Structure formats: C-alpha cells, structure tokens
Amino acid sequence: MKSRLRFTLQLSFTLIVCLFMIVPVAMSVLAGLTENYFVGLQSGLTLRWVNEVWELYSDTIWLSIKLALACLLITTLIGVPAAYGLLRSRRRWANAIEELLLLPVAVPGLATALALLLAYGSYREFRGSWLFILIGHVLFTLPFMVRAVLSVMQTAKLPQLEEAAASLGASFRQRFFSVVIPNCMSGILAGALMVITLSIGEFNITWMLHTPLTKTLPVGLADSYASMRLEIGSAYTLIFLVMVVPLLVAIQWAGRLTEQRR
Amino acid sequence: MKAASKQPLGAASFSTRWMVLTVPVRHKSLVAVLALMPALIVFCAFWLLPFSRLILMGAEADRSSGVSAYLTILTHRQYLISIVTTVGISLVVSLTAVAIAGFVGFFLARQHFWGKAVLVAILTFPLAFPGVVVGFLVIMLGGRQGALAQSSLWLFGERWMFAYSLAGLFIGYLYFSIPRVITTVMAACDNLDKSLEEAARSLGANTWQVTKDVIVPGIAPALLSTGAICFATSMGAFGTAFTLGTRLNILPLNIYGEFTNYANFAMAAALSVVLGAITWIALSIARRLAGGNLGASA
C-alpha cells in the first residue's frame, strides 16, 4: 500500500515535469496555427501564418539546409581520417589532440565567433559569404563526428581486422576504404545525424557571423521573435520543429543501432 | 553517442599497443599524423590562432578606462557583478536541474509502466532546441500573452509576467538543462548494480536509506558531471538570454553589448576569455568524472 502511494507521488511529479517541457511547445504550435492568438482558438485554425513565414523566410531555411550539408561533407572528409589518426596515435597524444579539438565546444560559441570576427572579419568578401558561417559550424560540429566515429572504431577490433587484411597483401588504401570505412559506417551515420541537427540549430556562433544576406533559420527565428507578431514567430518555430524532430528520432534510432552491434 | 562513450576503452588501447610492437613504429605514427593533419589545420587556422589573438586582445587598453581590459574587469563593479550573477544563476540552475531531473530520471529508469516511452520522449526531445527557441518557449509561458499572464488575467484580473527578467532566464536554463540530466541519469541508473540495492534492502534498509547510501553515491559521478555540463551550458547560453531581453546584466549579453554597441573590442575579448575559461574548466571537470559526453550545445 505504501509503495503504491509512493509510486503515485513519483509519477505525478514526473508528469508535472513533463507538462513543463511540453506545454510551451504545444502552446507555440497552437499559436502558429490559430487565426488570432489574442482572441484564442475560437478565431479558427489556419495555415496563413505558415505561408507567410514561408514567403518571408524561406531563403533562411534553404541556407540552413545548404550549410548543414556542406558542414556534413567537410566534417566527414576531415573528421573520419582524424578519428582514424586518433585511434592509431599513442594514448597520451590522442587524448591531448582530442582535448584540443573539443575546445570550440567547451568554449561558448559567442567567444569562438568573436575570435573569428576579430581575426578574419577584415577580409570583406570572405566575411560577407556563407563560407564564414560554415567555418564556425565546422569547428563546432567536428568533435561530435570525431567522437562518434572513434567510439565505433574502438569497439570494432579495427587493428586486428586491418592486420588480417595487411597480411593478405592489401595496401593501405585498400585497407582504409574496404576495411576501416565499412566497419565504422554506423559511427559515421550517428555522427552525420548529430552534425546536421547541431548545424541546423546553431545560433550562438551564427548570430555574430551572419550578415543581412546570410541569415540562417535560427537567426531568422530570433529576428521574427523580436519584430514579428507572435503567430508568425510560432509558425516559424513550428517549421523548425518539423525539420528537427525527425532528425532527433533518427539519432535515437542510430544510437540503438550502434548499441546492438556490440 | 552517449552509449558509445560508456564503453571502456581498455580493450581497444591494449590491442593498439600490441600493434605498436608488430608494425614498424615510424610508419604507423606517420599515417596517424597524416590522417590528423586536415582536421588540425582547420582547427589551428580558424580556432587556435583567432582565439590566441583574442586572449592577447583582452590585454589591450579598455576604451573607457584606458587600462588593460583584464584589469578593468577586476576593478569595475559592473563587470564583477555581471560575472557573479552569471555564475550564480548557472550554479542555481544546475543544482535545481540535477535535483529535479535526477529524481525523475531515477524513477523512469527503475519503474516500468504503460506509456513510459512517451514520457521519456517528451522529456528528452527538447535536447536539440537551440537557445533562441527555448527563450521563445519561456515567452509562451511567462510573456505578455503567456500561459501565466492569461490565467492570472482570468483569475485575478492582472497580467503576471516573469519572462523578461532573471526569473525567465532561470526557467529557460532549467528547460534546456532537464533533458540533459535525465538522459545521463537514466544511463547511469542502468549501469548501477541492482544487487547492491537488493542487498541493502534485505539488510533492512528503508527506501530513504537505500537512496542516500546506495543509489546517490552510485550515480554521483554522473550527477556531478551532468551538473557541470549544465553549468557550462548556462554560462554561455547567449541565444536564450538574447531572446528574453538584452538589458539583463549577464556575461554573454555584456560581451555582445560591448562588441556591437560600444565597439569596445578589448573588453569584449577579455570578457569572452574569462567566460571561455570558466566553461572550459567546468567541462574538464565533467569529462574527468564521466570520461565522455561532449558539452555545451544550447
């Protein structure tokens, strides 16, 4: 009897915390779909605000997608070899280098962005292009790719597999592309999903680096929160959620996939 | 990713060391260096070099006082108050989040009931919300047309608001901290040896004693490390603070203000370095304790 009561109390507390997490999201989604939020739901549901957001801000959405894909390409090209390099380095060196690569995540994005601006802001053309933002995103997401790939490499018995391939006469290139890469595919997948999700949602670095011509989705969000009516901000948030929630589900799924391999 | 970092590294490092003996050492390290090169070049050119300049720039003369900006921070109350406020609110948020979410995470890890998966999903999916969105959600709760304002208007005929103050900041930071703590605590509880609890129970310990003497010490490293991550994230949470109002006297907003409003680059640089140092130390402690899990992303 007593344990029953305890369970009920604990469950109610958990439900209250759940409400705290979900109620503002639900309110925001609803506000983005109601005709007039001041009047309330009786003013009717509409997609008008979503359309308006699309007209005003669709370029920010495309830029964010472009950035995320470019960021994914670069972090894969430099991150997978880097993870392999860490695997093959001596422990002490590997730890030190990993610690270094983590710095852009450990230090707030605002500081990273400020450093970039003060160092390279004077190159006008570079500063005005989307590549400037891309650099910030690559710095911030690279450790997540490296970590995801490295952790799979460490459990995949790569050294043994590689040695087997080498003893059969495989060159380094053959080993890398037909043994190393296929064996850490699940890590690359998990890292890729993480990189895309983080890049699409990145604000702290991007806000400092953006120009009026290079606005990303979160920058547009901040802009609409500050200067547009509540319905538009909400509809915009709704679009963001629709983009990010599937990615989150995919991350969970990929995480379960790598866990099963073990 | 979290599950991966839980894995002990011992086995892998053992076999790596064994490889060192069989493959010619020089060739092996050359491959490692070459593979690491592109990432290191990008890191040095676009982070290490700029950030080193930022550190030096902080030593230059501050615009208003004419003394080195680092010294100005130490001697001016305004900056000290801002640092203390930011550290203080981040500490309180981390402690609150660890207390609330530690409890909920433990409950969810140990109990099985219908609909649990839904609750876990609700509690963890806000992990990927950027700070700006969290700020907006706080406005939905405590802003001019927020839930609180509407219900208080209906009940008492006045609008109650908290969004545009330190209280709003607190709620926002709590919002993005809770999912982090819950995921970590649930993972830690799964790893906890259940037989210890059973042994304590069979020796006559009541629930409170089991919690105090077995469970909390068992997951203490996870609690401390996730708390440190929440602290670091809150310290640098520019997006949330920016959405809630630029007049609050906290570090990220001060840095932004010094840079854009006053073009006081030396002071902006010095404050950034101080902020970066604080979060880096906090996250290093977190990594020492938990051995994994990357840090601040809100």
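The following exercises, each with a worked solution, concern a predicted model with chains A and B.

**Exercise 1. Packing of two helices in chain B**

Task: Determine how helix α11 of chain B and helix α14 of chain B are oriented to each other, and which residues make their contact.

Solution.
Step 1. Locate the two elements: α11(B) comprises residues 207–235 and α14(B) comprises residues 265–290.
Step 2. Take the geometry. The axes are 8 Å apart, and the packing angle is about 160°.
Step 3. Classify the angle. Angles over 145 degrees count as roughly antiparallel, and α11(B) and α14(B) are therefore roughly antiparallel to each other.
Step 4. Add the handedness: α11(B) passes α14(B) in a left-handed crossing.
Step 5. List the contact. From α11(B) it includes P221(B), L224(B), I229(B), F231(B) and M235(B); from α14(B) it includes L275(B), I278(B), L283(B), I285(B) and L289(B).
Step 6. Sort the contact residues by class: 16 are nonpolar, two are polar and none is charged.

**Exercise 2. A second helix pair in chain B**

Task: Classify the crossing of α5(B) and α9(B).

Solution.
Step 1. Helix α9 of chain B spans residues 166–191, and its axis comes within 6 Å of that of α5(B).
Step 2. The two axes cross at roughly 40°. That makes α5(B) oblique to α9(B).
Step 3. The crossing is right-handed.
Step 4. The contact of α5(B) with α9(B) contains 21 nonpolar, five polar and two charged residues.

**Exercise 3. The surroundings of helix α13 of chain B**

Task: Establish which residues of α13(B) are buried, and identify elements that cover them.

Solution.
Step 1. Apply the cut-off: a residue is buried if 20 or more other C-beta atoms lie within 10 Å of its own.
Step 2. In α13(B), this holds for L251(B), P252(B), L253(B), N254(B), I255(B), Y256(B), E258(B) and F259(B).
Step 3. Since eight of the ten residues of α13(B) (residues 251–260) are buried, the helix is largely enclosed by the rest of the structure.
Step 4. The cover includes α5, α11, α12 and α14 of chain B, together with α4 of chain A.

**Exercise 4. The side of chain A that touches chain B**

Task: Describe the side of chain A that touches chain B by residue class and by its main contributor.

Solution.
Step 1. Count both sides: 81 residues of chain A are in contact with 75 residues of chain B.
Step 2. Find the largest share on the side of chain A. Helix α1 (residues 2–33) of chain A supplies it, with 13 residues.
Step 3. Divide that side by class: 57 residues are nonpolar, 19 are polar and five are charged.

**Exercise 5. The setting of E35(A)**

Task: Decide whether E35(A) is buried, partly exposed or exposed, and name the residues it touches.

Solution.
Step 1. E35(A) lies in the loop between α1 and α2 of chain A.
Step 2. E35(A) has 15 C-beta neighbours inside 10 Å, so it counts as partly exposed.
Step 3. Leaving aside residues up to four places away in sequence, E35(A) touches S43(A), G44(A) and T46(A).
Step 4. T46(A) is eleven residues from E35(A) in sequence, with a C-alpha to C-alpha distance of 5.7 Å.

**Exercise 6. Annotated spans and the model**

Task: Compare annotated spans from UniProt with the helix content of the model.

Solution.
Step 1. The unreviewed UniProt entry for chain B lists transmembrane regions, among them residues 118–141 and 262–283.
Step 2. Residues 118–141 of chain B are 75% helix and 0% strand, with end C-alpha atoms 22 Å apart.
Step 3. Residues 262–283 of chain B are 86% helix and 0% strand, with end C-alpha atoms 31 Å apart.
Step 4. For chain A, an unreviewed UniProt entry assigns residues 61–251 to "domain: ABC transmembrane type-1". In the model this span is 86% helix and 0% strand, and its end C-alpha atoms lie 21 Å apart.

Definitions and conventions. Residues are numbered from 1 along each chain as its sequence is written. Chains are lettered from A and ligands numbered from 1 in the order in which they are written. This is a predicted model: local features need pLDDT of at least 70, side-chain atom pairs count only at pLDDT 80 or more; totals for chains, interfaces and linings use all residues. Axes are lines fitted to C-alpha atoms, for helices over the stretch in contact, and angles run from 0 to 180 degrees between N-to-C directions. Helices (H or I, at least four residues) and strands (E, at least two) are DSSP runs, numbered from the N terminus. Angles under 35 degrees count as roughly parallel, over 145 as roughly antiparallel, 65 to 115 as roughly perpendicular and the rest as oblique. A crossing is left-handed if the near helix is turned anticlockwise from the far one by less than a right angle, and right-handed if clockwise. Two residues are in contact if their C-beta atoms, placed from the backbone, lie within 7 Å. Ala, Val, Leu, Ile, Met, Phe, Trp, Tyr, Cys and Pro count as nonpolar, Asp, Glu, Lys and Arg as charged, and the others, Gly among them, as polar. A residue is buried if 20 or more other C-beta atoms lie within 10 Å of its own, exposed if 12 or fewer, and partly exposed in between; C-beta atoms are placed from the backbone. UniProt positions are given in the numbering used here, feature names are shortened, and annotations may be inferred rather than shown by experiment.
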